[in-house]
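Biologist: I've got a model open on my screen and I'd like to talk it through. Can you walk me around it, one question at a time?

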Amino acid sequence: MVKRIGVLTSGGDAPGMNAAIRAVVRVANSANIEVYGIYDGYRGLVEGYIEPLTRSDVSDILDRGGTILGSARLPEFKDEKVQKAGIHQLKKRGIEALVVIGGDGSYRGALALSQAGINCIGLPGTIDNDISSTDFTIGFDTALHTVVEAVDKLRDTSSSHHRCSVVEVMGNRCGDLALWAGIACGAEIVVTAQTGFEETEVLERLKEFDVVKKKRHAIVIISEKITDVDAFAKKVSLNTGFSGRATVLGHVQRGGSPTPQDRVLASRMGEKAVDLLIQGIGGQCVGIKDNQIISVPIEEALDIPRSSRKKLQQLFDRLV
């Protein structure tokens, strides 16, 4: 049975990563397995920034956002020589397996290590919810709560001044944050990579909300990387009866104490990761489907096309 495992967080941080780290350490320790924390993601792996983690090291981190292990991006990890340097650091310390918490880029690194003989398990840690092998990723629920709280506050002032608030949310071309927030906040319009963006059409719809439906305010939620929301808000002012105002929520969506749902999800996934490694299984990533914790091969997970969320989009359209 595996005696020593490592854990790292990679890519963008997500609330709940600390809960996953805590679960990995405590579940492993209860099985007499030592855990080593790898700091600053794959960069820390290659540079040997690796230290033991004990039960006390992960005390009082359950409610903390971010990641106590830090994170960094290392595009060079695609290089086989760089991967071998990381493997050397693991073997030098007797670390036999690895838990990687991050997004699809982190999964690719874990897959490469698994193919090189290091059993790796991936956990989906990203606020974007853009990993199709799982219904929900660690951090998504917390980020959604942050977006909803901000939009609720914007609605109050928008209604007072007959404004249209154009709110840009994260998502990295995945529309889940925008769509879920749109439903939760009662937004008038949601724009994602999946819906497409026809500027003239959106402006016409806003005119209808103003003139026909007599709305005092309007909320437009747009996923990042689709359009310049500041420029679009100015066009709203020029072409509709609303006064357009743009708000880019930015990295505030990554922060904050994780919600209870994210804490529990991360804990369940961390437990599953350790259980798989105990069984000698690697090259898998953990997910949740229909509230059941599952695992699928990393390679398969990376090939699954992103869900279009058609049913949610239809729900939003019927609610407007």
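Biologist: Among contacts in the protein chain between residues at least 6 apart in sequence, what percentage join residues at least 24 apart?

Modeller: First, a bit of housekeeping: this is a predicted model, where local features need pLDDT of at least 70 and side-chain atom pairs count only at pLDDT 80 or more, while totals for chains, interfaces and linings use all residues. Residues are numbered from 1 along each chain as its sequence is written, and side-chain values use heavy atoms, with hydrogens and water left out. A contact here means heavy atoms within 4.5 Å. Of the contacts in the protein chain between residues at least 6 apart in sequence, the share joining residues at least 24 apart is 75%.

Biologist: How many helices and strands does the protein chain have, and why does it count as being as compact as a globular protein of that length?

Modeller: Helices (H or I, at least four residues) and strands (E, at least two) are DSSP runs, numbered from the N terminus, and the chain has 11 of each kind, helices and strands. The radius of gyration is taken over C-alpha atoms, and the globule rule is 2.2 Å times the number of residues to the power 0.38. For 320 residues that rule gives 20 Å, and the chain is close to it, so it is as compact as a globular protein of that length, with a radius of gyration of 22 Å.

Biologist: What percentage of the 320 residues is buried?

Modeller: Buried means under 20% relative accessible area, exposed over 50%, and partly exposed in between (1.4 Å probe, protein chains only). By that yardstick, the buried share of the 320 residues is 52%.

Biologist: Which strands pair with strand 6?

Modeller: Strand 6 covers residues 163-169, and 6 of its 7 residues are buried. Two strands pair if DSSP finds at least two bridges between them. In strand 8 (residues 218-223), which pairs in the parallel sense over 6 bridges, Ile222 is the bridge partner of Glu168. Val166 has its bridge partner Ala246 in strand 9, and 6 bridges join that parallel strand to strand 6, so to speak on the record, the partners are strand 8 and strand 9.

Biologist: Is Tyr36 buried or exposed?

Modeller: Tyr36 is found in strand 2 (residues 34-38). Not counting residues up to four places away in sequence, Tyr36 touches several residues, including Arg4, Ile50, Pro52 and Ile95. Its relative accessible area is 12%, so Tyr36 is buried.

Biologist: And Lys92, buried or exposed?

Modeller: Lys92 sits in helix 3 (residues 80-92). Its C-alpha atom is 26 Å from that of Lys272, 180 residues away along the chain. With 53% relative accessibility, Lys92 is exposed.

Biologist: Where is Lys225 found, and what is its phi?

Modeller: Most residues other than glycine have a negative phi. Lys225 is found in the loop between strand 8 and helix 8 (229-239), and it is exposed, with a relative accessible area of 56%. Although Lys225 is not a glycine, its phi is positive, at about 70°.

Biologist: What is the phi of Asp290?

Modeller: Asp290 is found in the loop between strand 10 (284-289) and strand 11 (292-297). At 70% relative accessibility, Asp290 counts as exposed. Asp290 is a residue other than glycine with a positive phi, near 55°.
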